[in-house]
Number of protein chains: 4
Amino acid sequence: MVEHVVIQAEERETGRLEAFSDGVFAVAITLLALDLQVPKLGNAASVGAVAQALARQWPSYIAFATSFFTVLIMWVSHHSIFKLVQKSNARLLFANGLLLMLTTVVPFSTSLVTQYLRSPAAKMACAVYGGTFVLISLAFNLLWYGLLHDRTLLRADASEEVIQRIDRSYRVGTPMYVLATVGAFLNPYVTIGLCTALWIFWAFTARGECEQ
Amino acid sequence: MVEHVVIQAEERETGRLEAFSDGVFAVAITLLALDLQVPKLGNAASVGAVAQALARQWPSYIAFATSFFTVLIMWVSHHSIFKLVQKSNARLLFANGLLLMLTTVVPFSTSLVTQYLRSPAAKMACAVYGGTFVLISLAFNLLWYGLLHDRTLLRADASEEVIQRIDRSYRVGTPMYVLATVGAFLNPYVTIGLCTALWIFWAFTARGECEQ
Amino acid sequence: MVEHVVIQAEERETGRLEAFSDGVFAVAITLLALDLQVPKLGNAASVGAVAQALARQWPSYIAFATSFFTVLIMWVSHHSIFKLVQKSNARLLFANGLLLMLTTVVPFSTSLVTQYLRSPAAKMACAVYGGTFVLISLAFNLLWYGLLHDRTLLRADASEEVIQRIDRSYRVGTPMYVLATVGAFLNPYVTIGLCTALWIFWAFTARGECEQ
Amino acid sequence: MVEHVVIQAEERETGRLEAFSDGVFAVAITLLALDLQVPKLGNAASVGAVAQALARQWPSYIAFATSFFTVLIMWVSHHSIFKLVQKSNARLLFANGLLLMLTTVVPFSTSLVTQYLRSPAAKMACAVYGGTFVLISLAFNLLWYGLLHDRTLLRADASEEVIQRIDRSYRVGTPMYVLATVGAFLNPYVTIGLCTALWIFWAFTARGECEQ
């Protein structure tokens with residue numbers, strides 16, 4: 001009986017860290033939709049005018065969907081890591097804080113893409129957009145290698161196979177986002193295309209992470 | 001004892017998916033209120049002027065209430081489904097992600113209705129509004145048929161009766177929202193009327209879903 | 001063992017309803033701070049000019065603090081009720097939905113007070129402000145009498161004394177908010193004074209509700 | 001068995017208070033990012049123009065990061081306290097409410113710094129910024145000494161060593177934030193420097209609080 005209560009108490013500790021992180025992820029992912037602007041055409045607007053104005057906003061739809069699913073896989077990835085964690089320490093807490101801070105920046109960099117995708121500054125906007133994800137990847141690495149560095153933070157029953165799989169996925173993820181960032185200067189759609197390809201690829205392959 | 005701990009651990013897994021979804025639903029439903037604008041009449045405004053300006057905003061009150069309760073029944077519906085779910089997989093996760101993404105769009109489409117309900121573009125605004133709910137219905141179907149397709153995701157004790165009831169409600173819901181969308185081109189109030197009728201009807205009949 | 005698992009499952013059901021409600025309360029109470037506007041004085045602004053501009057915004061500080069603590073006691077009140085609830089039904093769910101919808105309106109009515117407290121329209125703004133709390137009180141009554149009407153929704157161990165105490169507090173609360181609304185037409189500060197007095201009074205007397 | 005259920009019920013009580021607080025912390029910390037503004041340069045903007053405009057916004061990046069990590073350590077500090085709490089009372093509830101209210105003000109005071117850091121009013125903006133954290137410190141003290149005053153609110157197993165460590169940290173924190181506030185009138189960067197130094201110092205020393 002005593003052992004049982006102890007297990008529960010421990011779960012509750014990282015539970016609050018996860019709940020707080022989920023809160024930040026949930027608010028940040030919902031704020032992405034604030035980037036969808038209602039066209040202001042006044043009370044005499046015709047059906048055609050509104051339809052055209054909505055159609056002209058296509059960059060915001062692309063940027064919104066790309067960001068939404070990219071943040072979503074980041075949340076899943078966060079979840080995959082924390083399923084292995086037994087307790088946290090200062091380093092973990094601040095690596096997680098850095099990760100959350102950068103995640104709250106995604107609505108800003110998304111809005112930058114929306115604003116400039118059809119201007120000559122599109123390369124710049126997409127480079128900042130990709131760069132945000134590079135920084136988030138690095139924060140994930142900081143979190144992950146902090147855990148591998150101090151294995152006492154991991155649950156005793158953490159499977160070595162899962163650890164290897166997550167490890168491999170981080171070795172692929174970061175260079176891909178670097179490519180997406182550098183690629184912006186070739187063509188801004190390289191960034192958006194690569195980010196989209198990444199979450200679709202991820203959705204179809206990384207089944208292990210989702211089978212919860 | 002061991003079995004007990006295992007049951008708890010499993011509940012916690014989908015628990016975090018539900019908590020994240022609840023977070024997104026809660027933020028999105030609260031952001032609907034940002035559509036209620038305070039009239040800017042300056043420091044010399046009289047009681048009558050403010051009263052009139054508030055009264056003139058009636059389209060925003062209608063759109064706000066309709067969206068609030070429609071998102072609320074979507075949350076209840078989401079809850080009904082997840083009460084049957086034992087574990088998730090990649091398909092479930094992304095169908096759920098699509099559902100959440102479209103839910104965060106509701107404040108945008110609500111704001112579109114508010115903006116254009118008294119303009120000639122009202123038909124367009126209401127069609128987009130209804131269309132958002134059609135897409136949400138389809139995402140619900142994707143989620144639901146993904147579950148029926150792989151019954152191992154369902155809890156062993158999921159009652160066949162509840163499954164049939166949810167199944168029936170989806171077969172009614174999607175066509176009704178299609179009707180609400182198409183009806184906008186007849187008269188924009190058809191959309192608002194049908195969406196209102198749907199959640200009131202739902203509130204009075206779908207007791208099973210609410211008896212938690 | 002079986003009985004234990006059943007108890008947990010039931011707690012989890014209303015648990016998700018409470019979690020969703022808490023999410024809406026938490027977002028709505030945080031959005032109140034969006035009403036605090038940074039004065040836009042440009043890059044040549046002096047210390048004195050900014051200090052003066054901040055001081056001139058005192059109505060927004062009063063309205064913000066009054067609304068924050070009023071929503072806070074509403075959250076505590078919501079918590080007190082749900083501590084007695086064992087399961088929910090459609091009526092409870094929609095009464096709770098109405099309550100949450102009206103709570104999300106509080107940032108709007110607070111902003112109305114901020115905007116017009118120093119204008120001739122202050123009476124109107126404060127009447128709308130008080131009126132929002134009257135509607136919230138009525139939604140609480142709907143929720144509460146729905147529970148008393150169907151006692152099977154209450155936990156078997158719900159103390160009759162606690163039920164009586166909550167019952168008494170609702171009989172006082174609603175008329176007080178009606179008074180605060182009507183009083184606005186005498187003097188807008190009657191509304192703010194009464195709302196402030198109510199939460200301070202509540203904080204000092206309703207200890208039972210807080211001793212969790 | 002009975003004792004086990006009782007322990008769980010108690011955990012759930014303060015659990016909802018913590019969940020609500022976490023919600024407010026999560027929303028407030030995410031809203032900080034709304035202070036990052038996308039430069040509005042139109043569709044003819046060049047790469048250089050956008051890069052320059054983004055670079056010119058450096059005060060908002062500094063203010064954002066400082067606030068994010070300061071609110072983060074406040075959340076950790078809140079967590080450290082509530083790990084010791086067994087039940088709450090009215091005083092605790094309102095001290096916590098005051099703390100949350102002041103936390104929701106941080107995005108406002110951060111925005112004030114962003115707006116005026118390069119103007120002559122920077123001293124004023126930074127004093128208000130530091131002052132917000134002084135008030136938050138005082139609210140933490142109110143919460144903490146309320147707990148020490150009524151030890152029945154603390155868990156029976158709360159370690160005296162942890163209590164002493166938290167006690168010591170509050171005796172350092174408040175004067176440091178007072179210094180950061182007063183220092184603004186010497187040089188506004190004293191405030192930002194001290195606030196940054198405080199969370200970095202905290203991250204490297206207060207390991208006990210993070211080892212969850």
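**Contacts, symmetry and one helix**

Trainee: How many residues does the contact take from chain D, and how many from chain A?

Mentor: Residues are numbered from 1 along each chain as its sequence is written, while chains are lettered from A and ligands numbered from 1 in the order in which they are written. This is a predicted model, in which local features need pLDDT of at least 70, side-chain atom pairs count only at pLDDT 80 or more, and totals for chains, interfaces and linings use all residues. Two residues are in contact if their C-beta atoms, placed from the backbone, lie within 7 Å. The contact takes 35 residues from chain D and from chain A 36 residues.

Trainee: Which element gives the largest share of the side of chain D that touches chain A?

Mentor: Helices are DSSP runs (H or I, at least four residues), numbered from the N terminus. At least two residues each come from α1 (2–31), α2 (47–56), α3 (58–82) and α8 (207–210) of chain D. The largest share, 11 residues, belongs to α1(D).

Trainee: How do the residues on the side of chain D that touches chain A divide by class?

Mentor: Ala, Val, Leu, Ile, Met, Phe, Trp, Tyr, Cys and Pro count as nonpolar, Asp, Glu, Lys and Arg as charged, and the others, Gly among them, as polar. On this basis the side of chain D that touches chain A has 24 nonpolar, 7 polar and 4 charged residues.

Trainee: By what axis are chains B and C related?

Mentor: With copies superposed by least squares on the C-alpha atoms of residues with pLDDT of at least 70 in both, chain B can be laid on chain C with an RMSD of 0.0 Å. This takes a turn of 90° and a shift of 0.0 Å along the axis. The two copies are therefore related as by a four-fold rotation axis.

Trainee: What percentage of the contact residues of chain B recur in chain C?

Mentor: The copies use different surfaces. Of the contact residues of chain B, the share that recurs in chain C is 9%.

Trainee: What arc do the buried residues of α7(C) cover?

Mentor: A residue is buried if 20 or more other C-beta atoms lie within 10 Å of its own, exposed if 12 or fewer, and partly exposed in between, with C-beta atoms placed from the backbone. In α7(C), the buried residues include C:Ile192, C:Leu198 and C:Trp202. The buried residues lie on the same side of α7(C), because the arc around the axis (taken from the directions from the helix axis to the C-beta atoms) is only 165°.

Trainee: Which residues are exposed on the other side of α7(C)?

Mentor: The buried residues of α7(C) pack against α3 (58–82), α5 (122–149) and α6 (160–183) of chain C. Exposed on the other side are C:Ala197, C:Phe204 and C:Thr205.
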